[in-house]
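Open the model in your viewer and get ready to make selections. This tour goes pocket by pocket.

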Amino acid sequence: MRTYRIATIPGDGIGVDVTVEAVKVLDRVLPGINWTEFDWSCENYLRTGAMMPADGPEQLAGFDAILLGAVGFPGVPDHISLWGLLIPLRRAFGQYVNLRPVRLLPGTKSALRDRTAEDLDILIVRENSEGEYSEIGGIHNPGRPDEFVLQESVFTRTGCERIIRYAFDRAAERSGKLCSATKSNGLIHSMPYWDSIFERVAAEYPAVRTRQMHVDALAAEIVLHPDRLDVIVGSNLFGDILSDLAAAVTGGLGLAPSGNINPAADAPSMFEAVHGSAPDIAGLGIADPVAQILAGAMLLSHLGEHTAAAAVDRAVCDVLAAGTVRTPDLGGTATTAELGTAIADRAAELANALTGA
């Protein structure tokens, strides 16, 4: 059995609670994991003045993957936690793909009336390294009547081409449908440029059916006609917003995983739940661990451990479908640990069956 070195950064709040459960589940299906935990968080920032050490990326570079908990803590502005930890790691490791599968899981309900799992299964491919999330800009003439703020977006040919091509590859593997999020009627330079690259790459994939929709119309489409969508590709900002909307529609952020992917595999990729740190319920044992556990399944799949990944994914579906062990957000009374254990036990059974052990 191959062994792996995986770093965990539990973060803050319920990030700590749910990461414990994800590790528990992964250990049951793949014993050959050596875990190393890093205490990098907003609480660490309050103690030391930094979310992580200056050599943080260097410390993580030798790991096979990273499992990240949510970050965020009262008294620490969100831009501090984002630009002090998550974004530097994404860029240091070439994680230019943010992959966010959103689907209606068995035994859960959509916020949309009468929608089924067949209607709600969308893969959102978000550009993760440039676009609207840029450090270029600043506050000018501070404190004066003519004070203004300048925030620049960056769209490079390389950045646009590689994320759009990645999305086409995923669409070709699925239903052969791809929708691009744009706003070319309002953003006169960046979005027409994005559209032109999308059209050029589309010529290389004649079997993939394409659409280009303004992001506001696409948001409405997710709510009104999600069954018409399969793979969506968007810029950093558009992909971020649309994936949270889609997750809310399919059952809530507590069920949605994500991966920060380095497709070249020359540096570790990083996996996390979409939800935040929810400090108001941290440590109470009621947080839903499903999103973090499914992020763990994505991690396993990325490492090529597809049997173990399938066991975890199926275990989540089986436990939720049974409906006997649910956290309060799903209408139950189970604790975070009880749901994690139920999924871990089922995942172990499935892994043994799949491997013939």
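Which element gives the largest share of the lining of the largest pocket? Select α9, residues 290-302. This helix supplies five residues, the largest share of that lining. Keep in mind that you are looking at a predicted model.

**Stop 1: the centre of the largest pocket.** Select Leu-99, Pro-101, Leu-123, Met-298 and Ser-301. Of the 28 residues that line this pocket, these lie nearest its centre. The space here comes to about 700 Å³.

**Stop 2: the walls of the largest pocket.** Now add the other contributors. Select the strands β4 (97-103), β5 (121-127) and β11 (257-261). Then take the helices α5 (157-173) and α10 (306-322). Each of these, like α9, supplies at least two lining residues. Colour the lining by class: you should find 18 nonpolar, four polar and six charged residues.

**Stop 3: the second largest pocket.** Move on to a volume of about 520 Å³. Select Val-71, Leu-82, Leu-86, Val-274 and His-275. They are the closest to the centre among the 23 residues that line this second pocket.

**Stop 4: the walls of the second largest pocket.** Which element gives the most to this lining? Select α4, residues 78-92. With five residues, α4 gives the most. Next pick α8 (236-249) and β12 (269-273), which each supply at least two residues. Colour by class again: the lining of the second largest pocket divides into 10 nonpolar, six polar and seven charged residues.

Terms used: Residues are numbered from 1 along each chain as its sequence is written. This is a predicted model: local features need pLDDT of at least 70, side-chain atom pairs count only at pLDDT 80 or more; totals for chains, interfaces and linings use all residues. Side-chain values use heavy atoms; hydrogens and water are left out. On a 1 Å grid over the protein atoms alone, a cavity is a set of points where a 1.4 Å probe fits but cannot get out, and a pocket is an open set with protein on both sides within 12 Å along at least five of seven lines; lining residues have an atom within 4 Å of a point. Grid points are joined across faces, edges and corners, and a volume is the space filled by probe spheres set on the points. Helices (H or I, at least four residues) and strands (E, at least two) are DSSP runs, numbered from the N terminus. Ala, Val, Leu, Ile, Met, Phe, Trp, Tyr, Cys and Pro count as nonpolar, Asp, Glu, Lys and Arg as charged, and the others, Gly among them, as polar.
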